[in-house]
Amino acid sequence: MKKIIIMFGALILLITGCSNEEKTSETSAEDIFNKALTESEKVENVMVDFSLVQEVKVPEVDQPIKVEQQDTTYLQNDPLEFITELHSPYGQFTLLYTNDQLYSDESEGTYKEISNDELNQLPEHIQNQRHLHVLLDHFAEFKDQFEIKRDDQQFVLSLSGNGEDFQSYVKNQIETSALGSSELPIEESELKINEVNININIDQESYEVASISTDFDSEIHYDDQSTITQKIERTYYDYNQQTKEIPEVD
């Protein structure tokens with residue numbers, strides 16, 4: 001009888017071990033990333049809070065050139081449309097993007113076409129830095145480098161790196177994040193990447209992205225005294241809740 005109990009116990013341990021092994025395999029960082037990427041394609045609309053701090057230091061200027069920007073955006077996909085409350089160096093605005101045109105909300109449903117060149121960069125920036133599927137697609141080339149941590153409700157995918165492999169990514173971050181940054185005369189080959197960090201928080205049940213934070217520290221090759229640093233925080237919520245309504249504009 002004792003032998004049977006021991007054998008039964010050993011069998012349970014063996015089955016449990018195999019089960020845990022399979023579960024660990026199913027929840028690798030790359031698997032989690034791929035599931036989140038797949039889920040992001042199903043998002044019809046979402047709210048996102050966005051904050052950016054970017055600092056450029058050049059020898060010719062005594063003080064660092066610092067850009068701070070925040071917005072709360074209702075983002076609708078297929079086609080891309082959004083309403084955003086924007087706080088930027090160019091002022092505070094309520095902006096609407098629909099039918100491939102950017103408008104300012106003047107008051108009580110009156111909208112005016114935007115003619116400001118810097119503000120007209122915003123749709124591209126929204127798509128590159130807030131649109132989940134596009135943003136995750138930027139990270140896809142690094143998906144095998146993510147490390148995974150867990151808390152009670154979320155997977156946390158983290159990546160830290162540096163060097164030439166991140167030049168293209170950092171150049172894209174510079175050009176599509178802060179309004180006006182696309183005018184900076186920077187070539188990809190001139191960038192020296194000292195540090196890049198990416199953190200993605202993903203719900204363990206739905207694989208919806210809860211937040212994404214990114215930052216980097218870089219120098220310009222031809223002048224080691226010139227540096228660009230950037231930190232962005234994004235928080236996603238109200239998935240497919242149609243929190244706001246995109247109005248029709250005549």
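**Notebook: cavities, a cis bond and a buried isoleucine**

I started with enclosed space and counted two cavities of 30 Å³ or more. Note to self: this is a predicted model, and every value here is computed from it.

**Entry 1, the cavity.** I looked up the volume of the largest cavity and got about 50 Å³. Then I pulled its lining: S40, V43, V46, L75, N77, R130, H131, L132, H133 and Y236. Sorted by class, that lining has five nonpolar, four polar and one charged residues. I checked which one is charged, and R130 is on the lining list, with Arg counted as charged. For the general idea, I keep in mind that rolling a probe the size of a water molecule over the atoms shows where empty space is left.

**Entry 2, the loop between β2 and β3.** Next I went through the backbone. Where is the cis peptide bond? I found it joining D78 and P79, with omega about 0°. P79 is found in the loop between β2 (65-76) and β3 (81-88), and D78 is found in that loop too. I then looked at phi for D78: about 50°, so positive, although D78 is not a glycine. As a reminder, most residues other than glycine have a negative phi, and most peptide bonds are trans. Is D78 buried or exposed? I read 75% relative accessibility for D78, and it counts as exposed because that is over 50%.

**Entry 3, another positive phi.** I also noted D100, which is not a glycine either and has a positive phi of about 65°. Its place is in the loop between β4 (91-98) and β5 (101-107). The relative accessibility of D100 came out at 68%, so I put D100 down as exposed.

**Entry 4, I232.** Last, I picked out I232, which sits in strand β11, residues 223-237. Why does I232 count as buried? Its relative accessibility is 0%, and the cut-off for buried is under 20%, so I232 qualifies. I listed what I232 touches, leaving out residues up to four places away in sequence: F50, S51, L52, Q129, Q173, S177, I212, S213 and T214. One of these contacts is I212, so I looked up the C-alpha separation as well. For I232 and I212 I got 8.2 Å, and the two are 20 residues apart along the chain.

Conventions:
Residues numbered from 1 in each chain as written. Predicted model: local features only at pLDDT ≥ 70, side-chain atom pairs only at ≥ 80, totals over all residues. Heavy atoms only, no water. Buried < 20%, exposed > 50% of the residue type's maximum accessible area, 1.4 Å probe, protein only. Contact = heavy atoms within 4.5 Å. 1 Å grid on protein atoms, 1.4 Å probe; cavity = no way out; pocket = protein on both sides within 12 Å on 5 of 7 lines; lining within 4 Å. Points joined across faces, edges and corners; volume = space filled by probe spheres on them.
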